[in-house]
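Dear colleague,

Please find below the structure that I am handing over to you, with its sequence. My findings follow directly after it.

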Amino acid sequence: MTKVLIIEDEELVRENLLELLDAEGFDVITAENGLVGSRLAQEQIPDLILCDVMMPEMDGYAVLEWLRQNPETATIPFIFLTAKAAKSDFRQGMELGADDYLTKPFTRAELLGAINSRLKKKALIQAHHHHQISQLEEKLKYVLDHDRLTDLPNRLSLRENFTRIVGNISTTSRNNHLLIVMCLAVDRFSRINETLGHSSGDSLQKIAAQRLLDCVNSDDLVAYLSTNRFAILLTSDRYESKEFYASEFARQILDRFSKSCTINNQEVFVTASIGISFYPQNSIELESLLGQANLAMDYAASQGGNQFQFYTPAFNIQSSDRLVLETDLRYALAREELIVYYQPRLSLKTGEIVGAEALVRWLHPKRGLISPSKFIPIAEESGEIFPIGEWVWRTACRQVASWNLLRAEPCQIAVNLSARQFGQIDLPNHLEDILLETGLNPRYLELELTESILVQNPLLAKQKMEAIKSLGVQLAIDDFGTGYASLSYLQQFPFDILKIDRCFVHNLSDEAKNAAIAIAIVQMAHKLNFKVIAEGVETQAELDFLREHDCDEIQGYFLSHPLSAERFFQLFITEKSNNFYFD
Ligand code: C2E
Ligand code: CA
Ligand code: CA
């Protein structure tokens, strides 16, 4: 039912309108003054508002102005009712964004006419909006589903296909069907890259992609995971002879690769290594199947390449190097070897530094600075991520709370949240404790999570996110574009911020494809009410491009590398609002 809110201080008029609209089948709510009306509008989000201009406490203009400032109420059709018919009043209302103006006394037909035409227009706008989103979404879907170099399906497609195939297998006769997961890499690819140059490396990846496509059937899937990492999904009903089937297929691929190819007018001979794992007996999870096939592939490569290898658990035995790191990591916190760095974020709207992302560093006594990309995955596996992650949050929150006492413009702080941390049952409580303990106002805290965290259990993820949000903290999607999910999928989660991964930002200004994607992401994200931050901005040209296309904030080496707390604070406090990053 269409809900109409009447805001009118004269009881007689209010009752008349109520009766009239009620008889027409509208669901009518009323308010006797502007204050009550604004609050009702916020709570109930009516489909249309009829509002008197002259009212005590809060007049109609004030009501309209207030509603237009809130995203939920900004687009509600708004019709003024007034006895005043002066042109200037009319104009003032329209400038504030009123949709129509009815001068009292009006007839029943005039009133219903105005209401219906407003509702119709709103429906049209909504339909148009949906249409625009679905068009953009379609464009984005392809680019997000496919690798841009080889045009092969990427991880997102791979996961979708895997889920679909596994669904089919389990509804039919599971025991006779299997799925073979293969990983493939061109042997000594980095050497080829170094000697012949990057563009030759790219050509080689495209040739490899074509060779793989030549070998598979239409039911099979070839995907591109990352540089020189291909994956193949094969289905078979020959369960008993799976090793035979898989090795026949692998041999065929190696054969195909043994033919020379021409790159930059040079004849090049390349070989490949293949690792193989089986669903369901090695694992039923795509990520572990891929990990297993990858380990087997690395082993095949280490044996000289041009061969394939089945996964066996023996490959899991960790390298001694990793083991040492894992042990050392256990003491890193107690020995105070961890440091939090802060990478500044710049608003493209104001030209000011508005916040930072907290990034942890490990100063190892023997090995020097170790990158989080190296030790966070180890910490994730060993469980050490819990104390480490919390320490980073606590340190960053305390730091920023103290900065915010010193500066009028507060600093936003973004912290990262890894999959295992997100899985922690009492995560919201931990966060709340940290906020209370450090005294940081929750609205200045943002948690960055990646899409991959959501796909495991979307429902649970959503509940947990709601719980975190109820603390007043903001949520950001990190590395958008590298994961599995499309924007409309993400829309169901209560995100506030979207961070475009740096792979789309790189060379934005000269790479037409990247530019088109970045623009589409910004537009769509804005339609869905996300704030957009671009990561990895390294040049003035990239900054200018993003600014021109309405991106909200940037982060990247062009502005600054991650800095120690002292240096960040210097930059943050001394930076004048003089737009020195803009032309
Ligand atoms: P991330 O969250 O995507 O962080 C951004 C990474 O990009 C940082 O690497 C940063 O130094 C780097 N970066 C920033 N600007 C540029 C640029 O212009 N160009 C390029 N090429 N890179 C840029 P970093 O600090 O090595 O962190 C790597 C990853 O480690 C982070 O990726 C994040 O996933 C993880 N990480 C870092 N600190 C933490 C933490 O406290 N907790 C958790 N769970 N993960 C963390
Ligand atoms: Ca991040
Ligand atoms: Ca990121």
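In this predicted model, the calcium ion (ligand 3) has protein donors from Asp 478 (OD), Asp 479 (OD) and Glu 535, the last of which is listed twice (OE and OE); these donors lie 2.1 to 2.6 Å from the ion. Along the sequence, the donor residues follow the spacing D-D-x55-E. The site thereby links distant parts of the chain: Asp 478 belongs to strand S18 (residues 474-480), while Glu 535, 57 residues apart from it, sits in the loop between strand S20 (531-534) and helix H21 (540-548). Both Asp 478 and Glu 535 are buried.

Asp 478 also serves as a bridge between the calcium ion (ligand 3) and the calcium ion (ligand 2), and the two ions are 3.9 Å apart.

Asp 478 has a further contact, with ligand 1: one of its polar side-chain atoms lies 3.1 Å from an oxygen atom of that ligand. For Arg 361, a polar side-chain atom is found 2.8 Å from an oxygen atom of ligand 1. The side chain of Glu 538 places an N or O atom 2.5 Å from a nitrogen atom of ligand 1. Of the 810 Å² of accessible area that ligand 1 has on its own, the protein covers 84%.

The surroundings of ligand 1 comprise 23 residues, and the closest are Gln 343, Arg 361, Arg 502, Glu 538 and Tyr 557. By class, this shell contains eight nonpolar, eight polar and seven charged residues. Strand S14 (353-364), helix H12 (372-382) and S18 each give two or more residues to the shell, and S14 gives the most, with four.

With kind regards

Definitions and conventions: Residues numbered from 1 in each chain as written. Chains lettered and ligands numbered in written order. Predicted model: local features only at pLDDT ≥ 70, side-chain atom pairs only at ≥ 80, totals over all residues. Heavy atoms only, no water. Donors = N, O, S within 2.8 Å, 3.2 Å for Na, K, Ca; no water. Buried < 20%, exposed > 50% of the residue type's maximum accessible area, 1.4 Å probe, protein only. Near = heavy atom within 4 Å. Polar contact = N/O pair within 3.5 Å; in protein donor to acceptor, adjacent residues only side chain to side chain. Areas by Shrake-Rupley, 256 points an atom, 1.4 Å probe, with all protein chains shown as cover. Nonpolar A, V, L, I, M, F, W, Y, C, P; charged D, E, K, R; others polar.
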